[in-house]
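Biologist: I'm new to this one, so could you take me through a single part of it slowly? Here is what I'm looking at.

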Amino acid sequence: MCGIVGYIGWREAAPLVIEGLKRLEYRGYDSFGIATENGEISVFKKSGRISENGLAPGTLAGHIGIGHTRWATHGVPNDSNAHPHTDCTGAIAVVHNGIIENYAVLKRKLIEKGHRFKSETDTEVIAHLVEEYFQGDLLVAVTGAVRHLEGSYAILVIAKDDPRIVAARKSSPLVLGIGDGEVLCASDVTPLLEHTQRAVYLEDGDIAALTPSRIDVYHDGLPVERSVTGIEWSVDDAKKGGFEHYMLKEIYEQPEVFYNTIKALEKDGRLPMLRIPTEITVVACGTSYHAALIFRYLAQEYSAKRVSVEFASEFRYYTPPLREMVIAVTQSGETADTLTAVEKAKARNCSTLAITNVLGSTVSRSADWTVFTCAGPEISVAATKSFIAQLAVFMGMVNVMADGKFTEILAHAHLSIERVLQEELGAAVALLAGAAEMFYVGRGVFYPVALEGALKMKEISYIHAEGYAAGELKHGPFALLSPKTPVVAICTPGRTYAVMLSNVKEMKARGAPVIGIGAEGDTEVESIVDVFVPVPEDHLMVQTLTVSVVLQLLAYRTANALKRDIDKPRNLAKSVTVE
Amino acid sequence: MQAVILAAGEGRRLRPLTHAVPKAMMPVANRPILDYIVRALEKNGIREIIVVVGYKKEQVIRHLNALDIPVKIVVQERQLGTAHALKCAASLITGEFLLLPGDNYIDTASIARIMREKNAVLTWDHPYPSNFGVLTIRDGYVRQVIEKPEDAPGFTVSTGIFSLEASFLNYLDETEIPNAVNAMIAAGTPLKAVPAENWQDAIFPWDLLRLNAALLQGVRQERAGRIGASVVIRGPVSIGRGTTIGPNSTVLGPVVIGEDCEIGPNCVVLPGTSIGDRTRVEPFTLIGHSVIFEDVCIGSHARVTDAVVGTGTHVGDHATTFARASVFSIEDELIRAKFGAIIGDNVCSAPFCIFKNCIVGNDVRIDEGKTVSGEIPDGARII
């Protein structure tokens, strides 16, 4: 997914396009670029987030501008792969959202004709195709060029000495906004909202020529009318698409994210080739640290690998003996502590593997190997889908270590995740909403799951929640138990089941209200806890996923009941880029 | 012009299929019914689409998010009838608007017809009108809507699709839309009857089979998957990305097969069949005139015809569905219906089962060699 913006009118285009791109950042943020027309085409492009880099005022002049913010899926996000792309002469600039499926064929033909390509992207093909057809009229050239394109596209094209933007779309969104003596266009309505309430939606196969005062739309070469619609959206609505918060939206994306990540790993095929040594050190912070802890338990359970997990922030002061491989886990790929840890590992001659959600991020450039999680841009500060995607990668690795024993189980895990999304949790939320402090307890692999559940609760509901290994509770924290400290206990079937039950009974005896998470139809757990939350009975790995998702939902619903600012919790930032 | 789509209701009579998603999200030819409505509106140039959601709202919202058509979402917290649902959206309605149920199929041409009228209803002649709001019509105008009458005065029924003015919102004190419409007519606003071009409803689970077969007629030929050697494909067949059709299989359209499926080798898929994403059909199996949801696994040597199979269900090897007619009691109504099987979500059946005209609930487990008939409640174990 990428975002595109265009402006034509009486104001300076560059600042308006930049502003629009910032609004589209939720569609992707690993590189950006803009181009303006002012007697000649000037292009500025850069890898990184637009809201952090921005553009020095006055660098690009002109009243016609197009821009692009990228979420790379193929080709790393460096400066040359960023849009806009230009033709050989630099007189035509193109931004594009979508995928050109036949670009390899087109590229070969164009190179035969003498065109020189500067990037690895499919988009550059469009620029050269337009050049091929360009004989003074940009509209005619674009009309000729798009006939060759297969796949999906929404494109904006500008050319030197042409007072127009030409837009075309097929299977990718594009909307035009009509202002007062100015026209804007973008991937969705969010960048338009500040400037106009009047929008024109283009249909598949439409080509439009935009000037400050008018829009001409053509379909199959014939002029057509497209009606003007009023927009009644607020900026936030448009991006969240009906969900109350980004966090809920992202929680609901998890079945798909898990499936896509597992499938991408399989397709990629590098994982089996990667010789996974017997000694692995994982460094991570926050939620990623918990994902790594889960990996530690699973790797030990299903293979003979020795995994140790370290906080990236402590890694610089305490570095365990490193021998073989260091895995760095970070959603953003920019977490400062994790980056330092990778450098330190490299200095000690360890092979390094990064697990990150952002293609081309700093960590992917410094590590020897990189595995990408297919979570898509995550907006909510509290990590949800990136956690599930990291687990998908780790479980994929465990599967490789166990010679593909779990392929079938992992291929169906998204179904169970889907099922727990239906949980109502009303009774549990009512029990927690009044609490000031609480505990999460689990054993075995569910201990890190409990830690993660507690972290989510802390982050967004501001309830002091503490995750504990169930056996450790008796060594101190038991003193804190009272009818005012609810406990969430994970009592799923397996080796830890019997001892968890007796732990729960002990906690009940101290008067603490207990929310029990157990397998569907487990009447024994149901009878001893105050509130029972069922998860589908499944393989241990799948249960770590489903319980994690239930705990995310529990934190979300509790925070919602307490009316907290869920997407932007106080004092927190999405990625921590200082040590 | 605005359009309000009511997609808050569960569709209780479609149980067990509506356990996880509302009726508007029932897949027909691999796309939710709601999709067809939104597309039909889009093709008519209606851009301001308001969808009222309620039952399992996150499922609907998530799906609408994935479309590139922007829609405004309104939540009806409790399902207190269709008039109340419309009331939830009242503050967003500025003028004339179309009102549509989110769970019936309607074609583009019919929308074009009713868009031109003010205060009108799309009508349809139905052979069994008693399940619908029957209209008494004189001189092209509706006199009265009689909701689900035992003795219907005629065969013309309301499709539930209206073109209305904002003033209609004053009549929403009733619980259901038809009552509000009657109140409006009684107050002197005439309601024109406009016949629809193509309208389809699914009231009971087995109606999905008919609806699916009808909408499959519009399937576009598409071959994105990997197709093995000596595969015979005839008629309109759409095969999604990442799907594999094993060698020596036969697929006779109209058929839709979703993404990342694995069919065969040596399977037969007969006309009128939709197979959802990530479904696996093991070798030597025959499927015909059926709706298979997503993530289903159908064992080898099975014969599945006239069946609806829910998400995540596993049908064991050598299973047979056997179509015959019997009487079912649905929401206190006795209905005689003929179909093979309706199987809910996450059902698991061991090999050698026979499904004889049955409705199997969600999460049911069936041991090997059982003959299943009648209605099986959710979570049952057949041993």
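Which residues are buried in α18(A)?

Modeller: Quick background before we zoom in: this is a predicted model, where local features need pLDDT of at least 70, side-chain atom pairs count only at pLDDT 80 or more, and totals for chains, interfaces and linings use all residues. Residues are numbered from 1 along each chain as its sequence is written, while chains are lettered from A and ligands numbered from 1 in the order in which they are written.

Now, your helix (helices are DSSP runs of H or I, at least four residues, and strands are runs of E, at least two, numbered from the N terminus). Helix α18 of chain A has 13 residues, 497-509, and at 1.5 Å a residue it should span 18 Å (1.5 Å times one less than its number of residues); its end C-alpha atoms are 19 Å apart, which agrees.

The buried ones in α18(A) are Met500(A), Asn503(A), Val504(A) and Met507(A). They cover an arc of only 100° around the axis (taken from the directions from the helix axis to the C-beta atoms), which puts them on the same side of α18(A). Buried here means 20 or more other C-beta atoms within 10 Å of the residue's own, exposed means 12 or fewer, and partly exposed is in between, with C-beta atoms placed from the backbone. That pattern fits a general rule: an α-helix has 3.6 residues a turn, so residues three or four places apart point the same way.

Flip to the face turned away from the buried side, and you'll find the exposed Ala498(A), Ser502(A), Lys505(A) and Ala509(A). As for what covers the buried residues, that includes strands β21 (437-442), β23 (487-490) and β24 (514-519), plus helix α19 (523-528), of chain A. Just after α18(A), Gly511(A) takes a positive phi of about 85°.

For a second buried spot, try Val146(A) in helix α5 (residues 138-146) of chain A: with 21 C-beta neighbours inside 10 Å, Val146(A) counts as buried.

Technical notes. Contact = placed C-beta atoms within 7 Å.
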